[in-house]
Amino acid sequence: MTPPLPDLPDTLGNSRYNCPECGGPMSRIPRRMIDRLISIVRPVQRYRCRNFACQWVGNIAVASGSNDPTDRPPL
Ligand SMILES: [Zn+2]
């Protein structure tokens, strides 16, 4: 199952994606180990909805080739 990938500009939040549940802004959060393993095959980033009433958490597939420093594996 692939979540939708809205191609939205980076606006108020620190994520260019919006919550698939409520459409609100999301914050990027550290991935779990399983998410890192998934990212070997399909790069994903983990997000949490900033809407307190929603609290959606999940992975969103991203284009490969990210140079985000948080994507570096732990030393
Ligand atoms: Zn939400």
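Here are three short exercises on this predicted model, each with a worked solution.

Residue numbers start from 1 along each chain as its sequence is written. Because the model is predicted, local features need pLDDT of at least 70 and side-chain atom pairs count only at pLDDT 80 or more, while totals for chains, interfaces and linings use all residues.

**Exercise 1.** Find the order of the elements from the N terminus on.

*Solution.* Start with the inventory: the protein has 1 helix and 3 strands. These are DSSP runs, numbered from the N terminus (helices: H or I, at least four residues; strands: E, at least two). Then read along the chain, and the order is β-α-β-β.

**Exercise 2.** Work out which strands S2 pairs with, and how its side chains are arranged.

*Solution.* Strands pair if DSSP finds at least two bridges between them. S1 (residues 26–29) is joined to S2 by 4 bridges, and the two run antiparallel; here Arg 28 has Tyr 47 as its partner. On to S3: 5 bridges join S2 to S3, again antiparallel, and Val 44 is partnered by Ala 61. Now the faces: Gln 45, Tyr 47 and Cys 49 point to one face and are buried, whereas Val 44, Arg 46 and Arg 48 point to the other and are not. Buried means 20 or more other C-beta atoms within 10 Å of the residue's own, with C-beta atoms placed from the backbone; exposed means 12 or fewer, and partly exposed lies in between.

**Exercise 3.** Locate Gln 55 and describe its backbone and surroundings.

*Solution.* Gln 55 sits in the loop between S2 (44–49) and S3 (57–61). Its phi is near 65°, a positive value in a residue other than glycine. Most residues other than glycine have a negative phi. Finally, Gln 55 is exposed, with 12 other C-beta atoms within 10 Å.
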